[in-house]
Amino acid sequence: MTDSTATMPATVAPATLKEWAARHDDLMVVDVRSGAEFDSLHIRGSYHVPLPLLSEHAEEFASRMGTRVVLVCQSGARAEQARKRLAAVGLAGASVLEGGVPALAAAGGDVVRGAQTWALERQVRMTAGSLVLASILGGRFISPKLRLVAGGIGAGLTFSAATNSCAMGAMLSKMPWNRSASGPTAHQALQQLGDSR
């Protein structure tokens, strides 16, 4: 593992990643989204290492990554969490793709499209919004105490923004529709990264 802090920016624009993909054989793009998100749209040649898997085995993954690593997700939030986790175990030079995989696709990047599913962030918004709406209506027509659910959701969203984490997203990522039959195990993902070097 090489410290590439001096050569790698904290974030990269989609146009920069497209340029690097054409010019650098040492580029490693690591997608930290859920299996279903990866299956629906991913960057050609990227490695799929879901964030929970990467977080659990960060030292092992960091030891297998090269000097030009770009972490990607749907918007950049999970990739930033992965960057911080890898930095904590010694890989300080990884970059995060600005705007995530959809931004690269919109910029004409080389992506692979599969069956379309909702992005995890969209699922979180739908779930939180539905719970708030249901609790307000339930508070009006069933019991005023049901309005407390809306307050709990609001508190959870505030905590999520303050800590840049999302318990609801973590829970939703475990749902059957967000799992992929082809999701890697830690051993498979580590072996794939090891074979790339």
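A pocket, as the word is used here, is an open set of grid points at which a 1.4 Å probe fits, with protein on both sides within 12 Å along at least five of seven lines. In this predicted model, the second largest pocket has a volume of about 270 Å³, and the largest pocket has a volume of about 860 Å³. The briefing below treats these two pockets, then the parallel sheet with the order β1-β6-β5-β2-β4, and then the salt bridges, of which a search of the whole structure finds 7.

**The second largest pocket**

- The second largest pocket is lined by 15 residues, and those closest to its centre are Ala-21, Leu-27, Val-29, Ile-43 and Arg-44.
- Helix α1 (14-23) and strand β2 (27-31) each contribute at least two residues to the lining of this second largest pocket.
- By residue class, the lining of the second largest pocket consists of 8 nonpolar, 4 polar and 3 charged residues.

**The largest pocket**

- The largest pocket, with its volume of about 860 Å³, is lined by 34 residues, and Arg-78, Leu-120, Gly-169, Ala-170 and Ser-173 are the closest to its centre.
- Two or more lining residues of the largest pocket come from each of the elements α3 (51-56), α5 (77-88), α7 (120-141), α8 (147-163) and α9 (167-172).
- Among the contributors to the lining of the largest pocket, α7 gives the largest share, with 5 residues.
- The lining of the largest pocket divides into 15 nonpolar, 13 polar and 6 charged residues.

**The parallel sheet**

- The sheet is open and has 5 strands in the order β1-β6-β5-β2-β4, with parallel pairing.
- At the edges stand β1 (11-12) and β4 (47-48), each of which has a single partner strand, so one side of each is left without a neighbour in the sheet.
- Strands β1 and β6 pair in the parallel sense over 2 bridges, and Thr-11 stands opposite Val-96 in β6.
- Val-96 is also the bridge partner of Leu-71 in the pairing of β5 with β6, where 2 bridges join the parallel strands β5 and β6 (residues 95-97).
- On the pairing of β5 with β2, 5 bridges join these two parallel strands, and the bridge partner of Asp-31 in β5 is Val-72.
- Strand β5 (residues 68-72) is largely enclosed by the rest of the structure, because 5 of its 5 residues are buried.
- Both faces of β5 are covered, with Arg-68, Val-70 and Val-72 buried on one side and Val-69 and Leu-71 buried on the other.
- Together with α5 and β6, strand β5 makes a right-handed β-α-β unit.

**Salt bridges**

- Asp-31, whose bridge partner in β5 is Val-72, also forms a side-chain salt bridge with Arg-33 at 2.8 Å, N to O, and both Asp-31 and Arg-33 are buried.
- Arg-78, which is among the residues closest to the centre of the largest pocket, forms a salt bridge with Glu-121 at 3.3 Å, N to O.
- The pair of Arg-78 and Glu-121 links distant parts of the chain, since Arg-78 lies in helix α5 and Glu-121 in helix α7, 43 residues apart.
- With buried meaning under 20% relative accessible area, Arg-78 at 11% relative accessibility counts as buried, whereas Glu-121 at 23% relative accessibility counts as partly exposed.
- Within helix α5, the side chains of Glu-80 and Arg-83 meet in a salt bridge at 2.6 Å, N to O, and because they are 3 residues apart in that helix, Glu-80 and Arg-83 are separated by about one helical turn.
- Both partners in this α5 pair fall under the cut-off for burial, as Glu-80 counts as buried at 19% relative accessibility and Arg-83 is buried with a relative accessible area of 17%.
- Salt bridges that share partners join Glu-37, Arg-78 and Glu-121 into one network.

Technical notes. Residues are numbered from 1 along each chain as its sequence is written. This is a predicted model: local features need pLDDT of at least 70, side-chain atom pairs count only at pLDDT 80 or more; totals for chains, interfaces and linings use all residues. Side-chain values use heavy atoms; hydrogens and water are left out. On a 1 Å grid over the protein atoms alone, a cavity is a set of points where a 1.4 Å probe fits but cannot get out, and a pocket is an open set with protein on both sides within 12 Å along at least five of seven lines; lining residues have an atom within 4 Å of a point. Grid points are joined across faces, edges and corners, and a volume is the space filled by probe spheres set on the points. Helices (H or I, at least four residues) and strands (E, at least two) are DSSP runs, numbered from the N terminus. Ala, Val, Leu, Ile, Met, Phe, Trp, Tyr, Cys and Pro count as nonpolar, Asp, Glu, Lys and Arg as charged, and the others, Gly among them, as polar. Buried means under 20% relative accessible area, exposed over 50%, partly exposed in between (1.4 Å probe, protein chains only). Two strands pair if DSSP finds at least two bridges between them. A crossover is right-handed if, with the strands pointing away from the viewer, the path from the first strand over the helix to the second runs clockwise. A salt bridge is a side-chain nitrogen of Lys or Arg within 4 Å of a carboxyl oxygen of Asp or Glu.
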